[in-house]
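Visitor: I would like to test a few labels against their cut-offs. Please show me the model.

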Amino acid sequence: MTAKRQSVHGQWNSRWTFVLAAAGSAVGLGNIWKFPYIAGENGGGAFVLVYLACICLIGVPIMIAEIMLGRRGRQNPVMTMETLAQEEGTSTNWKYLGLIGVLAGFIIVSYYSVIAGWAVSYVFKSAAGLFVHDDPQVVIGLFGGLVSSAEQLLLWHTIFMIMTILVVVRGVKSGIERAVTLLMPGMFVILLMLVVYAMFQGSFVEGFNFLFSADFSKLTRASVLTAVGHAFFTLSLGMGAIMIYGSYLPANVSIVKAGFMVAAADTVIALLAGLAIFPIVFVNGLDAGSGPGLVFQTLPIAFGQMPGGIVIGTLFFVMLVFAAWTSSISLIEPGITFLIEQKNMGRGKACALIGVSTWLLGIVTVLSFNKWAFTFTFAGEEKTEGMFDILDILTTNIMLPLGGLCIAVFVGWKMSQASSMEELGLRRSNIGYQIWLFLLRFVIPVVLLIIMLKAFGILQGKS
Ligand code: PHE
């Protein structure tokens, strides 16, 4: 019985702790910073629709599969995949799936920390009252001032990296559980307040239509890949974070319910962020496609004008930092447990090693916004943030979907149905189980392959 295998790093107290921790991993910069800006860059509605379809048809099934693998393997992603492959009598090369995930997390956290650093600096800008100004252009300009200074970006990146390592060093239980319990409800309330503000003070109808009325002529092969990649990124899938959290999950908890809850919470938060941001974009005549600065340029205008905006704005950025914090922890936890379990390193040493090396790699992103900025074309679209864009495309649009593809193939084709039914607590006659298996076996691998091959121009056809 695999259920008896114990994780060496303890267990969550209950299903709620898992849901909160996994939601803490999922809800982060991806929802509030990234979703609005890529939706803006890719023309809104049609992109949002593809993204939502990806969440339902690809994200949720893979989420369930990944939690399941984690709980059955109960180790870091590399050893989990190796053990499970052995158990199922197939090649142990599946461990490389875990390894790619560890690597993806490592690269993502390097730039994630830089962006989270922006949020840290905005806590202080807000508290200092810098958003209170008659001219929105001045408030927007604060962002340009920040990213053009490599020194400032490095400072905030360093602070955020230290924050992340401080939690991870203490281990998952004492660190993560406490951090997420307060954050999620608080974040939700402030987002609702912002949406109400946007309803009355912004071009709400225009913002709403931008997000929800689909014009498929705006959809390119690059934007479809971006939507798929983002579904993985925002749900923390395809790199072992959810697998690791699943490995701490007690045996009696329903994986299916937990998976649905996490995906729902994540999607609601992203859509609320969009509903708060786009009405402000349009009422101020800003460009929806302005890129990674979007959130930092729009919401401060709202905070500067609303009553109590200094307090609300400061709270908002504090929460954004917390949301990013709980995500970055989950990004490096797979790598850290890998070093501890496989390389027999102490937790402190593993944290120091990963902390310093991701911090160093982060400097590449720091410089992408100023000294090293360059432009290139990817799948027919112009990218302006040089190395940052390259690291983002490499991880979000290639490594995570590839990880997801492998998970789908492993669970769909290599793992026996007896194993997956046992772990999920479902019978063969369960219609949900059959749909899940069908998606993993056929739909997900085919769709992911086609989208990726098309984006890279390997598969020709209408874009
Ligand atoms: N899901 C997180 C976010 O939306 C980012 C993340 C990706 C975290 C992959 C863990 C793994 O911000």
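Visitor: What makes the pair formed by the ligand and the side chain of Asn-31 a polar contact?

Guide: An oxygen atom of the ligand is 3.4 Å from an N or O atom in that Asn-31 side chain. A polar contact is a pair of N or O atoms within 3.5 Å; within protein, one must be able to donate a hydrogen and the other to accept it, and residues adjacent in sequence count only if both atoms are side-chain atoms. So the Asn-31 pair qualifies. This is a predicted model: local features need pLDDT of at least 70, side-chain atom pairs count only at pLDDT 80 or more, and totals for chains, interfaces and linings use all residues. Numbering runs from 1 along each chain as its sequence is written, and side-chain values use heavy atoms, without hydrogens and water.

Visitor: Which backbone atoms lie at 2.9 Å and 3.1 Å from a ligand oxygen?

Guide: A polar backbone atom of Ala-26 is at 2.9 Å. A backbone N or O atom of Leu-29 is at 3.1 Å.

Visitor: Why is the link between Arg-72 and Glu-422 called a salt bridge?

Guide: The rule asks for a side-chain nitrogen of Lys or Arg within 4 Å of a carboxyl oxygen of Asp or Glu. Here the N to O distance is 2.9 Å, so the label holds. Arg-72 lies in helix α3 (residues 45–73) and Glu-422 in helix α17 (residues 417–424), so the pair ties together parts 350 residues apart in sequence. Helices are DSSP runs (H or I, at least four residues), numbered from the N terminus.

Visitor: How many salt bridges does this rule give?

Guide: The count is six.

Methods
Helix = DSSP H or I, 4+ residues; strand = E, 2+ residues; numbered from the N terminus.
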